[in-house]
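Trainee: Could you take a close look at the interior of this protein with me? I would like to know what sits together on the inside and how the charged side chains pair up.

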Amino acid sequence: MQVQWYPGHMTKAKRAMKEDMKLVDLVIELLDARAPLSSRNPDIDELGRGKARLVLLNKADLADEAANRAWEDYFRERGLVTVRADARRRADMRPIQTAVQTACREKKERDLRRGIKNRPVRAMVVGIPNVGKSTFINSYAGRACARTGNKPGVTRGNQWIRLGKDVELLDTPGILWPKFEDEQVGMRLAMLGSVKDEVLGLEGLSLKLLEFLRGRYPETLRERYQLSGTAMEGEPVSLLMEIARIRNCLLKGSKPDGEKAARLVIDDFRSGRLGAITLELPGEERG
Ligand code: G4P
């Protein structure tokens, strides 16, 4: 899903977020594990001030394992309870339940000191489009979930999904807008398919991706497309044309079809067919 954002969208999203935020104790922030900082909106620190926080590195199945570990350390070092997941897998929800308890420990202790017992933690899921919010809510809530009715003060017809006796989850996720100011961030989000890239277009985007892959994951790239050593050393555009030839993406007269090859490379990356790949590492987010 590619989303175009306009200032009006952002104002509306921010207002809705602020309203919903008043209702919850815990914010579950979903990031794309393949580009955790690019897929993060730093305004969440301000919006979620005073709330318990949990960072969920989602789509971890598509990301590089060593990078997943490095990013977990990165967020934990910043005091955020952090877990990774493939939101489509029910089995990945168990560690998240534990993490929710950890993230809310302070609040529970505060409640107890005030004599409040057994009050469920109220949580909401937030993140930029396409990061997996709906998928996560479905897996986390599962079949056993019971929807509690509308309650006073609940905006936009939101409903609470009761998860055991401990947690209530808002059924509508909060949509955060991506950061656009940084060119690198915009490009990574376009590679992930979260925003439309009108500057580079599909072919330009694939060239940037090929350049990155050749630098960071040369073996993965070479093996996937059976590229020769010479092809690997050329300009990104000759690399793309070589892939077009190898994969039979041809125009009339057997000319390589760059557009078709670009789509192939980008689809291979987004679907994980290229392997587990992370676009940014801690410390080089803006590199
Ligand atoms: P959103 O609510 O945040 O906008 O995201 P949503 O749940 O709709 O998920 C977007 C796409 O990402 C979906 O693919 C979903 O299956 C996939 N997805 C979500 N979490 C994970 C994960 O942890 N791992 C993997 N591999 N995929 C995940 P889709 O329905 O095919 O949509 P699209 O790809 O056509 O946009």
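Mentor: Happy to; here is a walk through the nonpolar cores, followed by the salt bridges. Keep in mind that this is a predicted model.

Let's begin with the largest nonpolar core, which has 74 residues. Within this core, the residues that touch the most other members are Leu26, Ile28, Ile96 and Phe136. Helix H7, spanning residues 183-192, supplies the largest share of the core, with six residues. In soluble globular proteins, nonpolar side chains tend to be buried together.

Ile28 is a good place to zoom in. Leaving aside residues up to four places away in sequence, Ile28 touches Leu54, Val100, Phe136 and Leu169, and also Ala123, Met124, Val125 and Val126. Phe136 thus appears twice in this picture: as a contact of Ile28 and as one of the residues touching the most other core members. There is also a second core, separate from the largest one, with twelve residues; among them are Val55, Ala67, Trp71 and Tyr74.

Now for the charged pairs. The structure holds 26 salt bridges, and one of them joins Glu29 to Arg40, with 2.9 Å between the closest N and O atoms. Glu29 belongs to strand E1 (residues 26-32), while Arg40 sits in the loop between E1 and helix H2 (44-47), so this salt bridge ties together parts that are eleven residues apart in sequence. Both partners, Glu29 and Arg40, are buried.

Compare that with Arg53 and Asp45, whose side chains meet in a salt bridge at 3.0 Å, N to O. Here Arg53 is buried, because its relative accessible area of 13% falls under the 20% limit. Asp45, on the other hand, is partly exposed at 41%.

A third pair to look at is Lys108 with Asp166, where the closest N and O atoms are 3.7 Å apart. Lys108 lies in helix H5 (residues 105-113) and Asp166 in the loop between strands E6 (160-163) and E7 (167-170), so the pair ties together parts that are 58 residues apart in sequence. Lys108 is partly exposed, with a relative accessible area of 26%, and Asp166 is partly exposed too, at 24%.

Finally, have a look at Glu65, Arg69, Glu72, Arg76 and Arg84: salt bridges that share partners join these residues into one network.

Methods
Residues numbered from 1 in each chain as written. Predicted model: local features only at pLDDT ≥ 70, side-chain atom pairs only at ≥ 80, totals over all residues. Heavy atoms only, no water. Core = buried A, V, L, I, M, F, W, Y, C linked by side-chain atoms within 4.5 Å. Buried < 20%, exposed > 50% of the residue type's maximum accessible area, 1.4 Å probe, protein only. Helix = DSSP H or I, 4+ residues; strand = E, 2+ residues; numbered from the N terminus. Contact = heavy atoms within 4.5 Å. Salt bridge = Lys/Arg side-chain N within 4 Å of Asp/Glu carboxyl O.
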